Amino acid sequence: MSKLQFLIGILLFQFSLLYGQTKEITGKVIDAKDQSPLGGVTITLKGSKGVAQTGTDGTFTIKVSAKATALHLTYIGYENKDVEIDALTGSAVITLQQSSKALSEVVVVGYGKALKKDLTGSISKLASKEIENFPAPSFESAIQGKAPGVVVTSGSGKLGQAIQVSIRGISSISASSQPLYVVDGLPITSTSVSDGTNDDTNPLADINPNDIESVEVLKDASAAAIYGARASNGVVLITTKKGRNGQKTTIELNVSHGVSNPARKLHFLNAKQYVGLMQQSAVNDGTYDFNNQISGYNTVDDAINDYFTSIYQPILDQYSLGTDWRNQAVNTNWQDALYNKNAPNDQINLSATGGNDKTRFFISGFYNTQQAIVINNTFSRYGTRFNIDHNATDKLVFGLNLAIDRSQLNRVTNDDAFSTPGQLVAQLPISPYLDPATGLPNNQTLYPSGIYDALYDYDHQITYRTIGNAYGNYKILPTLSFQSEFGADILNLTENEFAGKESQDGNGVGYGATVISQSVSFNTNNYFTFTPHIGENSKLNAVLGMSYLQNDYQHGYAQGNNYPSDAVKNLSGATSITGASITNTRYTFLSYFLRASYAYKERYLLSLSGRIDGSSRFGPSSKYGVFPAASAGWVISDEDFMKDSKALSFLKLRASYGLTGNSEIGEQQFRSLYTVANYPNLPGFVPTQLANPDLKWEKSRQFDIGLDFGFLKNRLTGEFDFYTKHTTDLLLNTNIPYTTGYASIYRNAGTLDNKGLELALTSKNIDGAFKWTTTINIGYNKNKIGDIKGQIIESADGLQRAVEGQPIGVFYMQKLIGVDPQTGDALYADAQGKPTNDYTQAARMVVGKYTPDYTGGITNTFSYKGFDLSVFFYFVTGNNIYNAAGRFMSDGFYNGWDNQTTDMLKSWKKPGDITNIPRTGYYWGSGTSNSSEWLYKGDYLRLKNLTIGYTFPKSFTSALKISSARFYVSGINLLTFTKYPGDPEVNTNVVNNIAGGEDFYTIPQPKTITFGLNIKF
């Protein structure tokens, strides 16, 4: 018994000794700048095992052994800190300093956040200051030229129009190439739901740019693969503003007023020049007729006189409405008439943000109205956002991000409609603006007048949009948390169109149409985040979860005519309903995802990710796809052999490889489809689509190798990337023989390759009282179509085509190689490359492409005391633009009496003339069909933004009882350098993979001057 007591005594002594060597440390971690508590700080022990994490109030408790020498604190966006344990007494208060290094910048990634230093994928981040207060309806315009490899193309200067965004090139032919947009974790609708007979509109215009905290663009497979089947075109993560712990409530007011005018105009003939060109064309026609003995005139003068008096003069008499065209009594500038002079835009944004240990919030309200540079086109929007995060306990956090918005877009018709204002430039300068007989806008013009039609026509689109996402996060363990999210994107659109009897579209009887669209998306994300402490030198972050997305879309359309009066403008006034349809569709995605990121000594980095996606868009045998990715990084500058380098501050080599998918082909493409045959009293079904049950995902395999670097204590930092993206199993809308009863079927056929280089540089040139910073980004991309099984896939107008071995959307047409000096005939290249003046013998061939080789931007930012200046240039090179309206405005009257561009004054007139513009003439003109004659280099350099601001001194703002105030003046599209005669930033096809770079009476971009004031209370 005594031995047992002795043994127990020894064990108790050893236990007490061990317990006596362990102590408990309590404390609080706060921000060094504003003393706000920092929740979620990771605390580990140096020399011993142990890990803890601060609560939402910044407090912590950790047990330490005698072996432990220091606490090691890490927090995203802050400098790491070591605190000697011996120096801690009582309840310690530890401060952390926010990192000023670009490498410590917090970057949003899929289902989490990371430090830029730890990234192994390619991600571009844009902060709120680069987006807010930009005078455009949608935030994409503000990010143009700010991220390498991201090409933002605005179709025109019309408001509310869709914008094409491509990330590392066009990756599909028939499926969508637009990226996936995710707002606060919720994938949102980004495709047009308005009237399909007009241009696509932009649902992203419903997001208030001033609510955005940051935009992250996921470009390579490592960064984007966690979004799997929808990530081939890249992913754009939008994070909205939120409050912070311990943040004093700040009220911010932003107000601005601006005016807009066209950035560039074409040059058209005035009345005198127009009459002169008609007289020259009569000379050309008469001379050609006489020389070729077509009509049997006795002399050339007889021929010329007859052509002018019988053909040209009646046109001048008819459209001058009795005015003296010989002495230019009327000289109407129709191009000026289609634009609003100093079109106004106004914005008001009011927000409040703040927080304490328990609750953080951001609330905003906004109103903006904008008039387009083109008549009859306006956009207005108002709404509110409410973001809140609340700590219910030390373990449970829940929150809500909610935005409600109403917008109204008053639209104009598309570029191909006579009623569109853009086609006013075709009217004759001798035609009066007002009809002398009525005093109203002249409706006896060559073509129906958009100005006259604007008196009787309208197209009003109203959208109600709610985007909300609620979440709850529960900390199961200090190293393990679970987050559940549920979000909804509800878009309701109503569009009412009316054309009065007097207008061209009304056609004497009146016309009306109504579109009602509803798109409702529900999404839930549920995932675990695991951050175990696996050693002093190792760091692991893992995410495992699932996602479910369901979208229900309904689109109703009805049209009618025969209105008794223009006083009743809605569809109920139509006595004849001429068409109606309702479409209901649903698609779903069920997904499982995983990402694990490991760092050893914060020097050797490895990341693995994968996603399994199931989609209703594919048949039973191909519903699911697997999309894995892997990446690695090596922080070379942390190696011992680099420690002594004085010039090099940071150097990281990274590489990634992975697989992403594309399923954006719409619904039910794998099924046999039938439509109702609603012939009166004979109901039935008509087959409309062949089935392809084997239809499956389009896949992109992407390799990326990059280098992140910093020199001279990171005064010069940058990133360089080389990538290749190989897309296979293209979702191709292939042609099939009409004998089948169908025109096409979706199949997996063909390949498409993109490869390129990206460079981003930031230089702190001067860093003192006077500061000067330069940022440069350049992106190069080469696109090539592989084997598409001999398919001929053209744009709707037949001017562009997908050609094997060529970039997507090449211009495929006859090539003009010159003008015959003796005859003025246009000379084209035949199949052997030899010149011919016979257009029917000219060969169609590749003559250019709309995709650019290089895009980029250069920003210089200066500041001194309260003054700041930002100058941003954007450039595009290596692309072509085709003026599809050239066949009318620059053809010398062969295709109509349209007013002509001034370059036609340099056309061929007599034998021996050396020119590149063929002979004009209504009957015997040359060079009048589609060819490279109207194809131009699309290179341009544009002063995209220049902003001058002044922040008032503290002494002034304190006297007014406000925190800060800044006044600024900003200019958009102030200067453009290009060889294209019009605006080089246009695309009449708006969003299309094959058709791009076409100008067909397209409205140019606006030049905008904005005055603004920012006040914080």
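These notebook entries record what I looked up in the structure, which is a predicted model.

**Entry 1. Helix H5**

I began with helix H5, which covers residues 300–319. I asked whether length and end-to-end distance agree or disagree for its 20 residues. At 1.5 Å a residue, H5 should span 28 Å, and its end C-alpha atoms are 28 Å apart, so the two values agree. I then looked for a bend and found one of about 40° at Tyr312 in H5. A proline, Pro314, follows Tyr312 within four residues.

Next I listed the buried residues of H5: Ala303, Ile304, Tyr307, Phe308, Ile311, Tyr312, Ile315, Leu316 and Tyr319. Tyr312 is thus both the site of the bend and a member of the buried set. I looked up what these buried residues pack against, and the partner is helix H4 (271–291). Just after H5, I noted that Leu321 takes a positive phi of about 55°.

**Entry 2. Helix H4**

I turned to the partner helix. H4 has 21 residues, and the distance from its first C-alpha to its last is 30 Å, close to the 30 Å expected at 1.5 Å a residue. The buried residues in H4 are Ala271, Tyr274, Val275, Leu277, Met278, Gln280, Ser281, Ala282, Asn284, Asp285, Gly286 and Asp289. H5 is included in what covers them.

I checked both ends of H4. At its start, a side-chain oxygen of Asn270 comes to within 3.2 Å of the backbone nitrogen of Lys272. After H4 comes Gln293, and its phi is positive, near 50°.

**Entry 3. Cavities**

I searched the whole structure for cavities of 30 Å³ or more and recorded eleven. The largest cavity has a volume of about 340 Å³. Its lining consists of 28 residues, and those nearest its centre are Ala136, Pro137, Ser141, Ser154 and Gln1005. Strand S11 (150–154), S50 and strand S52 (1006–1016) are the elements that give two or more residues to this lining. Which element provides the largest share of the lining? I found that S11 does, with three residues.

**Entry 4. Asn993**

I located Asn993 in the loop between strand S50 (964–978) and strand S51 (998–999). Is Asn993 buried or exposed? Its relative accessible area is 9%, so Asn993 counts as buried. A polar atom of the Asn993 side chain lies 3.2 Å from the backbone oxygen of Ile173. Not counting residues up to four places away in sequence, Asn993 touches Ile170, Ser172, Ile173, Ser174, Ala175, Ser176, Ser177, Ile808 and Tyr850. Ile173 therefore appears both in this contact list and in the pairing of its backbone oxygen with the buried Asn993.

**Entry 5. Lys906**

I placed Lys906 in the loop between helix H8 (886–889) and strand S48 (935–937). Lys906 counts as exposed because its relative accessibility is 62%, and the cut-off for exposed is over 50%. Leaving aside neighbours within four places in sequence, its contacts are Thr915 and Ile917. I also took the distance between the C-alpha atoms of Lys906 and Gln1005: they are 99 residues apart along the chain and separated by 28 Å. Gln1005 is among the lining residues nearest the centre of the largest cavity.

**Entry 6. Positive phi in two loops**

I looked up two non-glycine residues with positive phi. Asp184 has a phi near 50° and is found in the loop between strand S13 (180–183) and strand S14 (186–187). Asn507 has a phi near 55° and sits in the loop between strand S23 (480–499) and strand S24 (511–530). Which of the terms buried or exposed applies to each? Asp184 counts as buried, at 13% relative accessibility, whereas Asn507 is exposed, with a relative accessible area of 62%.

**Entry 7. Ala760**

I ended with Ala760, which is found in strand S36 (residues 752–767). With a relative accessible area of 19%, Ala760 is buried, since the cut-off is under 20%. Leaving aside neighbours within four places in sequence, Ala760 is in contact with Pro148, Thr717, Gly718, Glu719, Ile776 and Asn777. The C-alpha atoms of Ala760 and Ile778 are separated by 6.5 Å, with the two residues 18 apart along the chain.

Definitions and conventions: Residues are numbered from 1 along each chain as its sequence is written. This is a predicted model: local features need pLDDT of at least 70, side-chain atom pairs count only at pLDDT 80 or more; totals for chains, interfaces and linings use all residues. Side-chain values use heavy atoms; hydrogens and water are left out. Buried means under 20% relative accessible area, exposed over 50%, partly exposed in between (1.4 Å probe, protein chains only). A polar contact is a pair of N or O atoms within 3.5 Å; within protein, one must be able to donate a hydrogen and the other to accept it, and residues adjacent in sequence count only if both atoms are side-chain atoms. Contact means heavy atoms within 4.5 Å. The expected span of a helix is 1.5 Å times one less than its number of residues. The bend at a residue is the angle between axes fitted to the seven residues ending there and the seven starting there. On a 1 Å grid over the protein atoms alone, a cavity is a set of points where a 1.4 Å probe fits but cannot get out, and a pocket is an open set with protein on both sides within 12 Å along at least five of seven lines; lining residues have an atom within 4 Å of a point. Grid points are joined across faces, edges and corners, and a volume is the space filled by probe spheres set on the points.
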